[in-house]
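The following exchange works through some terms used to describe a protein structure. Each answer sets a value against its definition and draws a conclusion.

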Amino acid sequence: MRILVLATHDQNRLLADNARIIGAAKKLGGEIDMLVVGHNVRDVAKNASKLEGVNKILLLDDKLFSRPFAQLITPLLVQLADNYSHIITSSNSVGRNIFPRLAAKLDLMPITDVIKIHSINCFDRPIYAGNAIETVKNEQAKTILTIRASEFEKVGQEKEGEGEGEGEGKIENIKIPKLAINTSFIEEYRTKSDSPDLTTASIVVAGGRAIGSKENFALVKKLAKKLNAAIGATRAAVDLGYAPNDWQIGQTGKVIAPKLYIAIGISGALQHIAGISGAKKIVAINDDIDAPMVKIADYSLIGDLNEILPDLISRLKQK
Amino acid sequence: MKILVALKRVVDHNVRIRVKEDGSGVETENVRHSMNPFCKHAVEAAVQIKEQNKAKEIIAISIGPIEAKDVLLNALAMGCDRAILLKTEKEQKIEPLAVAKLLKIIVQQEKPDLVFLGKQAIDDDANQTGQMLAGLLDWPQGTFSSKIELEENRVNVTREVDFGRAKISMPIPAVITADLRLNVPRKTALPMIIKAKKKPINIMEAKDFNVDLQNRLIVERISEPPKREGGKILNNVQELANIINELEAEK
Ligand SMILES: Cc1cc2nc3c(=O)[nH]c(=O)nc-3n(C[C@H](O)[C@H](O)[C@H](O)COP(=O)(O)OP(=O)(O)OC[C@H]3O[C@@H](n4cnc5c(N)ncnc54)[C@H](O)[C@@H]3O)c2cc1C
């Protein structure tokens with residue numbers, strides 16, 4: 001059994017997901033190699049090599065790969081596939097984009113968004129916005145998985161000095177035959193924020209339609225800052241322009257698993273709940289005691305968020 | 001320009017689904033079905049392109065039971081010109097890989113310039129078919145799109161990604177999958193549906209296409225997720241602050 005993990009990164013940093021994907025890979029058992037592909041990503045590879053349980057890093061550092069286009073990374077993975085029984089990655093927006101294409105190229109059905117590993121070939125994945133769980137068995141020649149990172153424990157870092165040259169010795173440069181691409185990158189819009197990453201944060205504060213305006217969302221941000229929490233939103237709040245799209249939590253947004261989730265003016269539609277089932281504790285602020293969110297929250301305060309929020313912020317201890 | 005839009009008939013998004021007690025699946029008998037919401041955005045995007053006189057023909061295609069004719073009719077009412085149904089047996093589940101293979105055959109026959117699909121279906125939540133089709137065709141893919149702009153022989157797609165949005169430019173032909181912020185799909189009133197009944201729906205059997213429709217994955221069981229119990233109603237903001245401080249300190 002050999003596992004290849006496609007590392008996901010933003011060309012500068014290894015995403016927090018990866019430590020959890022390695023955690024999932026370790027559950028499968030077997031030797032774990034990691035592929036780091038990008039441009040000027042030597043440091044990313046170094047950091048990846050420090051993850052506990054990684055056997056070696058395959059590094060492809062080439063200008064061609066300065067964006068993770070599926071059309072380029074797929075043929076690369078196809079070429080490496082022979083050596084591996086399992087090829088896995090995070091079901092983040094990079095993994096979701098590439099892996100189904102990869103699977104089709106290998107004439108395999110992938111298993112996407114895995115939330116539980118029963119054995120080397122049996123997995124759970126959510127269907128119907130998480131209202132049902134499907135347990136599937138794979139008897140195909142290979143296993144292609146995308147993993148919901150928030151459902152798995154992260155591995156630690158190997159202690160310094162262990163392994164040659166702080167992991168450097170584990171890095172193996174790979175070569176590829178000529179690939180070309182006709183798709184080009186035009187521009188990107190990155191949400192600037194100094195708050196923690198939503199999918200891996202231990203506290204998340206989110207606002208819904210009831211926040212009422214982009215300006216009023218500052219209250220949510222203020223509360224988040226006080227708690228050193230990540231900020232989330234509902235689809236309604238994003239569609240109305242109160243919050244950027246990458247803050248959306250739910251079936252079509254991000255899936256979170258914090259120890260504490262604070263839902264402010266959020267009704268709790270099933271598509272939103274789909275993204276928060278991993279939260280340990282839920283606190284709701286809502287003016288409707290019958291809102292679905294209040295029905296599932298561990299603690300709720302019923303009332304007008306416009307009165308509650310400023311008061312709450314002033315009563316909380318600064319972290 | 002010719003656009004093929006692939007769409008799926010699913011349990012309506014407002015239905016609270018019920019998991020069968022024997023673990024064999026989700027109750028779909030006598031449950032309201034409709035067009036997968038993401039596919040609706042794909043149809044709307046194609047129709048808008050036609051309305052701007054940038055496309056000549058839009059073909060809607062679905063793979064599913066005979067009842068999928070209803071969602072195709074809906075697509076025709078929204079403005080598609082004709083429809084194709086690759087009919088499957090009632091209750092027959094076809095995996096994304098087989099769907100992509102069937103779609104590839106239709107693409108080779110119809111030779112569209114663009115293929116639009118929903119980014120995922122709200123029943124299996126797989127988020128696979130578009131990427132698979134693009135792979136099988138060796139076409140570029142623009143997934144999770146929130147904006148589509150046509151240029152000469154190229155198409156620009158703004159994609160919703162984890163860090164925000166990214167805009168790419170692809171040569172045509174290409175596969176594009178729709179996210180919910182792509183547009184606001186039009187509602188179809190009864191007169192539009194009646195008019196759409198005059199448009200052709202070509203029905204063929206999925207099994208006649210020489211594609212292996214056997215499922216690759218074995219579904220062992222479908223179960224209910226753990227239930228969350230509602231908790232305590234707090235009395236005032238100070239109680240709320242205390243609880244938050246407490247939970248925050250917990251490991
Ligand atoms: C295919 C599909 C996918 C979807 N994906 C997602 C997704 O990923 N994420 C997502 O979030 N949604 C998603 N949705 C949308 C979802 O169905 C809901 O429409 C949305 O979550 C509602 O957002 P909301 O709770 O902010 O708004 P509402 O449902 O309008 O709720 C507002 C809440 O605020 C309360 N309120 C009002 N005023 C106040 C006040 N002054 N003080 C306190 N409380 C107040 C109300 O009682 C209500 O409970 C999806 C829908 C579809 C069809």
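Q: What makes a stretch of residues a helix or a strand here, and how are these elements numbered?
A: Helices (at least four residues) and strands (at least two) are DSSP runs, and they are numbered from the N terminus. The model itself is predicted. In these terms, Asp138(B) has its place in the loop between H4 and S7 of chain B.

Q: Why is Asp138(B) called buried, partly exposed or exposed?
A: A residue is exposed when its relative accessible area is over 50%. Asp138(B) has 55% relative accessibility and therefore counts as exposed.

Q: What is the sign of phi in Asp138(B)?
A: Phi of Asp138(B) is positive, near 60°, in a residue other than glycine. Most residues other than glycine have a negative phi.

Q: Where does Asn127(B) lie, and what is its phi?
A: Asn127(B) is part of the loop between strand S6 (114-118) and helix H4 (129-137) of chain B. Its phi is positive, about 60°, although Asn127(B) is not a glycine.

Q: Why does Asn127(B) count as buried or exposed?
A: Buried means under 20% relative accessible area. Asn127(B) has 5% relative accessibility, so it counts as buried.

Q: How do you know whether Ser146(B), in strand S7 of chain B, is buried or exposed?
A: The relative accessibility of Ser146(B) is 12%, and therefore it counts as buried. Leaving out residues up to four places away in sequence, Ser146(B) touches Thr158(B), Glu160(B), Arg165(B), Arg181(B) and Leu182(B).

Q: Why is Ile233(B) called partly exposed?
A: Partly exposed covers the range between the 20% and 50% cut-offs. Ile233(B) has 36% relative accessibility, so it counts as partly exposed. This residue is found in strand S13 (residues 232-234) of chain B. Together with Ile289(A) and Ile302(A), Ile233(B) makes a nonpolar surface patch of about 220 Å².

Q: Why is helix H3 of chain A described as largely enclosed?
A: Eight of the eleven residues of helix H3 (residues 70-80) of chain A are buried, so the rest of the structure largely encloses this helix. Among the buried residues of H3(A) are Ala70(A), Leu72(A), Ile73(A) and Leu80(A).

Q: What covers the buried residues of H3(A)?
A: The cover includes strands S1 (2-6), S2 (31-38), S3 (56-61) and S4 (86-90) and helix H4 (93-105) of chain A, together with strand S7 (141-151) of chain B.

Q: What makes H4(A) a mostly covered helix, and how does its span compare with the expected one?
A: Eleven of the 13 residues of H4(A) are buried, including Val94(A), Ile98(A), Phe99(A) and Leu102(A). From its first C-alpha to its last, H4(A) reaches 19 Å, close to the 18 Å expected at 1.5 Å a residue.

Q: What makes the pair Asp107(A) and Arg216(B) a salt bridge?
A: The rule asks for a side-chain nitrogen of Lys or Arg within 4 Å of a carboxyl oxygen of Asp or Glu. The closest N and O atoms of Asp107(A) and Arg216(B) are 3.0 Å apart, and the pair forms a salt bridge. Asp107(A) follows H4(A) and has a positive phi, near 55°.

Q: How many salt bridges and how many residues in contact are found between chain B and chain A?
A: The rule finds six salt bridges across this interface. In chain B, 84 residues are in contact with 86 residues of chain A.

Conventions: Residues numbered from 1 in each chain as written. Chains lettered and ligands numbered in written order. Predicted model: local features only at pLDDT ≥ 70, side-chain atom pairs only at ≥ 80, totals over all residues. Heavy atoms only, no water. Buried < 20%, exposed > 50% of the residue type's maximum accessible area, 1.4 Å probe, protein only. Contact = heavy atoms within 4.5 Å. Patch = residues over 30% accessible without salt bridge, like charges linked within 9 Å, V, L, I, M, F, W, Y side chains within 5 Å. Areas by Shrake-Rupley, 256 points an atom, 1.4 Å probe, with all protein chains shown as cover. Expected span 1.5 Å × (residues − 1).
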